[in-house]
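Work through the exercises below with the coordinates open. Each task is followed by a stepwise solution.

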Amino acid sequence: MKNPNEMTVTAAKYVKAVGPDGPSSSNSHLICTIDDVKCGVPLDTGNKHYQAVLKWVEAGNTIEAAS
Amino acid sequence: MSQINVDAIRSANGTGDAISLTAASNTCTANITNNLSNRNLIINGAMTVAQTRGSSTTGTGIKILDRWNCYASSGSWAWTSTQDTDSPDGFSNSFKIDVTTAHTPAAAEYFSLQQRIEACDLQHLLNGSAGAKKLTLSFWVKSPKTGNHAVALYKPDNTARVQTKTYSVSAANTWEKKTITYDGDTAGGGITNDNGTGLQIDFHLAVGSDYTSTDSTSWINYADAGWAYGHAVNITDNTANNFYLTGVQLETGDFGSDYCHENYGQTFRKCCRYFYAFRPAGSFWRDGYSDGNIYIPGYVWFPVQMRTNPTDVMIGTMTHGNNESGGDALAEAPYTKQDYAYSYVRGNSSGRTYSYWNTYVDGVGFTFSAEL
């Protein structure tokens, strides 16, 4: 079925986890701009925004590394 | 003491038994049409919960009423979606679509009002097996058009399948109750027991000719040409047009029972599995002491476990007092789990460290989306 609700991803950047003891070395989620809205996106394949980011990557785009 | 010994009870003019009795188990099966609970597969069918508030203009995927979604192809569609108080007796609200630009769909264009139902809540339908159960859809509609409107049931798992039925509106701009029964689907591989979409229901509003040429009044493998078979009206052909829907109920069986009214809290909690708008009572979200090594947490606990780890969006602007330079502006995008969201902030120097919405008005906060 066609999916006209596909989202437009324009930016995605990894964020490293920060816990009570400070930052860790692993990525925990993404900061993205999707449909002109800045949002936090979990690295969860069941999440439709993350699915949209994965499609965006498949199209040749790159997720920016965490600062 | 007396008793009635019968095997069934049927109306004098009926064509089927209203109550069937089973001797072996001393039980009965009754086609009761009122006061049954927890049978509606649709969430927010009475259109009472609208966490996003306000209205939406011409946006697909934007939730004005929880769980409902306007679903439109590209094209020069323009409409405003709102929660409205125009409703039939017994209901307080409806979903209103106000057409703001007249549009005739091209062949490949379409516009529908949709709800997706989570697969794990549909396993009792026995979809894809010989015992697949029928589903009956009932609803109240107020359409600007008379004639046949189509409603599609779409199943995406395994082999994608669709069945489309129509209802006829007799009088324009008048509330009418409609009931449609769908067959059980014995083919197609069934609905996978997971947290994805199990069924999708589309109230078609306007469709192009690409979607109406294949008979899908029985279940077929999905084809675009069958998605809106029988749909014969264009809701969007005039800016004077308003379309309203409420009292939507989808239940197993081949008859529609009275709408299963819920209190607001019940419906709200069901909606929160897919979307939650956290609106703080004050401007502060977190507040504590940091000496440069202490991280101050902020949490949002969800009312119910969400479908997946949700996407979050901050509404309003948050300021971090004594925040480490360039550091945990991560507060703008908390980490999310299915049950809660959190993030930490650390002080740039020893002292009070806090985060707050610097312009506190009703509506600021976070939204969390785990929509299908």
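## Exercise 1: Chain B as a whole

Chain B has an accessible surface of about 15,500 Å², and carbon and sulfur atoms account for 46% of that surface. The model is a predicted one.

**Task.** Describe chain B by its secondary structure, its extent, its burial and the sequence range of its contacts.

**Solution.**
1. Start with secondary structure. Chain B holds one helix and 24 strands.
2. Take the extent next. The C-alpha trace of chain B spans about 85 × 65 × 40 Å along its principal axes.
3. Turn to burial. Chain B has 372 residues, and 51% of them count as buried.
4. Finish with contacts. Consider those in chain B between residues at least 6 apart in sequence: 74% join residues at least 24 apart.

## Exercise 2: The helix of chain A and its packing

**Task.** Which residues of helix H1 (residues 48-58) of chain A are buried? Find where they lie around the axis, what they pack against, and what sits at the helix ends.

**Solution.**
1. List the buried residues of H1(A): His49(A), Tyr50(A), Ala52(A), Val53(A) and Trp56(A).
2. Check their directions. They cover an arc of only 155° around the axis, so they lie on the same side of H1(A).
3. Find the partners. In chain A, the buried residues of H1(A) pack against strands S1 (9-19), S2 (22-34) and S3 (37-42). In chain B, they pack against strands S19 (311-315) and S24 (365-369).
4. Look at the N-terminal end. Asn47(A) caps H1(A) there, with a side-chain oxygen 2.7 Å from the backbone nitrogen of His49(A).
5. Look past the helix. Gly60(A) follows H1(A) and has a positive phi, near 110°.

## Exercise 3: Nonpolar cores

**Task.** Which residues have the most contacts inside the largest nonpolar core? Then identify the strand that gives the most to this core, and locate another core.

**Solution.**
1. Recall the general trend. In soluble globular proteins, nonpolar side chains tend to be buried together.
2. Take the largest nonpolar core, which has 42 residues. Phe139(B) and Phe203(B) have the most contacts inside it.
3. Assign the strand. Strand S13 (residues 197-207) of chain B gives the most to this core, with five residues.
4. Separate the other core. Apart from the largest core lies another, of 16 residues, including Tyr276(B), Phe302(B), Val304(B) and Met314(B).
5. Inspect Phe139(B). Beyond four places in sequence, its contacts include Val151(B), Tyr167(B), Ile180(B), Phe203(B), Leu245(B) and Val248(B). Glu176(B), Lys177(B) and Lys178(B) are also among them.

## Exercise 4: Two charged side chains

**Task.** Is Lys178(B) buried or exposed? Find its polar partners, then repeat the analysis for Arg286(B).

**Solution.**
1. Place Lys178(B). It belongs to strand S12 (residues 176-182) of chain B.
2. Apply the cut-off: buried means under 20% relative accessible area. Lys178(B) has 12% relative accessibility, so it counts as buried.
3. List neighbours. Beyond four places in sequence, Lys178(B) contacts residues including Leu137(B), Phe139(B), Val141(B), Tyr167(B) and Val169(B).
4. Find the polar partners. A polar side-chain atom of Lys178(B) lies 2.6 Å from the backbone oxygen of Ser168(B). The side chains of Lys178(B) and Glu176(B) share a polar contact of 2.7 Å.
5. Move to Arg286(B), in strand S17 (residues 284-290) of chain B. Its relative accessible area is 3%, so Arg286(B) is buried.
6. Find the partners of Arg286(B). Its side chain reaches the backbone oxygen of Ser343(B) at 2.7 Å. A polar contact of 2.9 Å links the side chains of Arg286(B) and Ser355(B).

Definitions and conventions. Residues are numbered from 1 along each chain as its sequence is written. Chains are lettered from A and ligands numbered from 1 in the order in which they are written. This is a predicted model: local features need pLDDT of at least 70, side-chain atom pairs count only at pLDDT 80 or more; totals for chains, interfaces and linings use all residues. Side-chain values use heavy atoms; hydrogens and water are left out. Buried means under 20% relative accessible area, exposed over 50%, partly exposed in between (1.4 Å probe, protein chains only). Helices (H or I, at least four residues) and strands (E, at least two) are DSSP runs, numbered from the N terminus. The arc is that of the directions from the helix axis to the C-beta atoms. Contact means heavy atoms within 4.5 Å. A polar contact is a pair of N or O atoms within 3.5 Å; within protein, one must be able to donate a hydrogen and the other to accept it, and residues adjacent in sequence count only if both atoms are side-chain atoms. A nonpolar core is a set of buried Ala, Val, Leu, Ile, Met, Phe, Trp, Tyr and Cys residues joined through side-chain atoms within 4.5 Å. Accessible areas come from the Shrake-Rupley method with a 1.4 Å probe; for residues, only the protein chains shown count as cover.
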